[in-house]
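Hi,

Here is the structure I promised to pass on. Have a look at it before you read my notes underneath.

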Amino acid sequence: MDIQEKYDFQRIENKWQQRWEETKPYKTHHNDTRDKYYVLEMFPYPSGRIHMGHVRNYSIGDVIARYKRLQGMNVLHPMGWDAFGLPAENAAMKHGVHPASWTYDNIDYMRNQLKAMGLSYDWDRELATCNPKYYKWEQLVFLKMLEKGLIYRKETTVNWCDDCQTVLAREQVIDGACWRCDQPVFPKTMHGWFFKITDYADELLDDLDKLTGWPEKVVTMQRNWIGKSTGLACDFQIDGMDDSITIFTTRPDTIHGVTFMSLAVEHPLVSKLIAGGKHEQEVNAFIETTILEKQRSSVDHEPEKKGVFTGQYCINPFTGDKVPIYVANFVLMEYGTGAVMAVPAHDQRDFEFARNYSLPIRVVVQPDNKELDPDTMEEASTEPGVLVSSGKFDGIDSERAKQQIIAHAQEHGFGKPHITYRLRDWGISRQRYWGAPIPIIHCEDCGIVPVPENELPVVLPGTGDTNGNHAPLHQQEDFYTTTCPKCGKPAKRETDTMDTFVESSWYFIRYTDPRFTEGPVEPQAAKYWLSVDQYIGGVEHAILHLLYSRFFTKVLRDLGYVSVDEPFTNLLTQGMVIKDGSKMSKSKGNVVDPNELIDQFGADTVRLFSLFAAPPERDLDWNPQGVEGASRFLNRVYRLVVQQQQCFNEENSVKVDELDETSKQLFRKTHQTIARVTDSIEANFHFNTAISGIMELVNLLNASLNDAKKLHNGVIRETLETVLILLFPMVPHFCEELWEQTGHPHTLDHARWPVYNKEVAKEEELTIVVQINGKVRAKLQVPAEISDAELEQQALANERTRSFLGERIPKKVIVVKKKLVNIVG
RNA sequence: GCGAAAGUGGCGGAACUGGUAGACGCACUAGACUUAGGAUCUAGCGAGCUUUGCUUGUGGGGGUUCGACUCCCCCCUUUCGCACCA
């Protein structure tokens, strides 16, 4: 045996990457007899090159994949590309390249980068969402959803980003700006396609309880996003008109305290209410300025509550009171019914509005801790209490009154229980080129006609050659001119493309058999592999991507394609990679390029450091000197193996009883380390503590070699082999190379994760802390099997204890088994 | 404003269900080897002090306990999410 003296990471990494390319050890087969494990990292958008966030994400995923393989599981670990999207079009405009060739070039480049990291993907399952072979099935699912009534088209006011020239879903508007380009978003009225995600609102909400493997934070965010509220929908007749205003309230118990009515400026009844009245001009002017204000309002502060009287009144069905109808700037048309019954005594917004316009305040819920006086109240009281001034409901507890009032309204036919969600249907129409075409034909006679299934895919035109037309589809006459599949008359194709979040909502399902040609999902493969056991990605997708994916999984289940309710059993949201205290960004000039790092230190070192520097869920502060530390550690292990290679020559079984003390200690530490590393990974993927444990073992091996004249060869061997296996998921090239160089006939891919020997790991002696009044005063070395009484006696007999105690007589002695003795005196 | 999470050496971070605070790594200091070293090895490394040792110390203040980074109450700071949701 002759190991190369120096750790030549370049040679080693090239060698193993090439070998993995040839032998495909990570190719996965469906195998019902084995336990499966599906680990997935969020697939990247092919933006050009990978960044440190990817490095971290994929390093974490790769450790898990390799660890589970060592444990004997059949691991699915695929990779692909979220390949549709705006940057491709922007690049096309900027550099004059076709979005398709820009995207595919980037994919090629990034695939090489990922391969240079030594990630154990089954590359035969690679997919790109911009490939017609992928989006063909998405189009099919679209048609099935349409058939099932889960898709509709309507004209609405949408969020329009002028910069991106497209519509955005509400979730994609962040602080009034586009999530992608950060430009302000404007309302615009147009037709668009919608997925009825609200049909699944209840299930999406209820099933959150099943997601015990998700961070609580993400579950809460989704719960709030869905925003379920239960209450009463109630009609208020307009005085002197046939129409009535329907309101929604979660506080039906306060309905006797209504002193006015507030409508959103966009409420459809407003124009009718004011038509011909003396308030018409004033109201219209108010509406106009409010709409303008809404558009440019900064989000930091709520504007003052403002409104204007319409001149009309409506009637409270409970009291018969006439209350004035206002148009108010704080009422949202998008939520509830766009009309709010105003109870200033018990709602802060109504209270402020009432004070501004000197409207009456009427207390109807009396909390038990304080007396409410409408004239002196400084804020609304939202606490529960007992109903007052509420007719026959007086004296009833407010919680119970809610039910009784709803029942009363229902009995008399002017109201009913109602549930409202914050969640809205998902608008998926985009007016851009680089996306999956929506498979619909518009016919003047037949209306909306689905493209027949056998004509799928509707291929995005112009992708055939690099000079192809990549104008938005509504500008491509050759594309949209067609004939109606029903009547054969000239017709027009739908020119909207789908939101790219649609592709990423089901790619993890397609991975189970990405080459299946008979449908979107191969049933047996899906049944075997789903759900994803471990999903890993940034918390920035806590709502959008994860909610859409959950929705799609349920839809595909109801369409009969899959049998699971939830896509991701366990979710790990990794922290950001930051440098010098802030997120890496070009403008800050603190970007670290993974390529340079890998060239300089090797992929294994970069992987090791990104795992060591922080636990996965926390932000990782990138420290260039820390990387050197990781490199140093690998070099030290390499040197140790080179120095100690003789121990691999002979078969040396270890008999614990015959070992010298140093060898025995090292052997014990080896088994303790196995336990510790396994626990760190199993508990919460805290690789940082796993690595530090391995470092401690290596440190002890070094120290033992220095101390002892002759360390037992079998122990050295077992220690080094343990180190190599434990490190393998993190630094695979490095470990494979040393494993091979030390004469092992099979690669580590075929190895098994070690199991620690409890007997060996057990300490023979313990260090017991002796405290006097809670302060550490002495330490005792005692045999592990010592009794509590014996321990107490030894502690009291200890010389240092005695000198500290002096004349005092201990009042109490507390003995904590195998840990400490505290003497209270 | 509401909600959640987090505050531990010069830095990244450890500490299991309340039981030796600071594992491991980085940086730093001293020494060894060396023509040299950003290589390697050895030792030290929270602060203070009257330095075989003592005192103090986990954002601040209080409390529970024999004992608190850990549990309870109040406050401060940071980060994230939501933001007129009726």
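Below is what I found in it, starting with the basics.

This is a predicted model, so to speak of conventions: local features need pLDDT of at least 70, side-chain atom pairs count only at pLDDT 80 or more, and totals for chains, interfaces and linings use all residues. Residues are numbered from 1 along each chain as its sequence is written, chains are lettered from A and ligands numbered from 1 in the order in which they are written, and side-chain values use heavy atoms, with hydrogens and water left out.

Chain A has 825 residues, and 55% of them count as buried (under 20% relative accessible area, 1.4 Å probe, protein chains only). Its C-alpha trace spans about 105 × 85 × 50 Å along the principal axes. I count 25 helices and 34 strands in chain A (DSSP runs: H or I of at least four residues for helices, E of at least two for strands, numbered from the N terminus).

Now to the RNA. There are 50 residues around RNA strand B (near means a heavy atom within 4 Å), and Thr-249, Thr-250, Tyr-335, Arg-349 and Asn-822 come nearest. On the RNA side, sugar and phosphate supply 66% of the strand B atoms within 4 Å of the protein. Helix α20 (residues 687-707) gives the largest share of that surface, with seven residues.

Two lysines reach the bases with polar side-chain atoms: Lys-779 lies 2.7 Å from a base oxygen of RNA strand B, and Lys-819 is 3.4 Å from a base nitrogen. Arg-639 sits 3.4 Å from a sugar or linking oxygen instead.

Cheers

How values were computed: A polar contact is a pair of N or O atoms within 3.5 Å; within protein, one must be able to donate a hydrogen and the other to accept it, and residues adjacent in sequence count only if both atoms are side-chain atoms. Buried means under 20% relative accessible area, exposed over 50%, partly exposed in between (1.4 Å probe, protein chains only).
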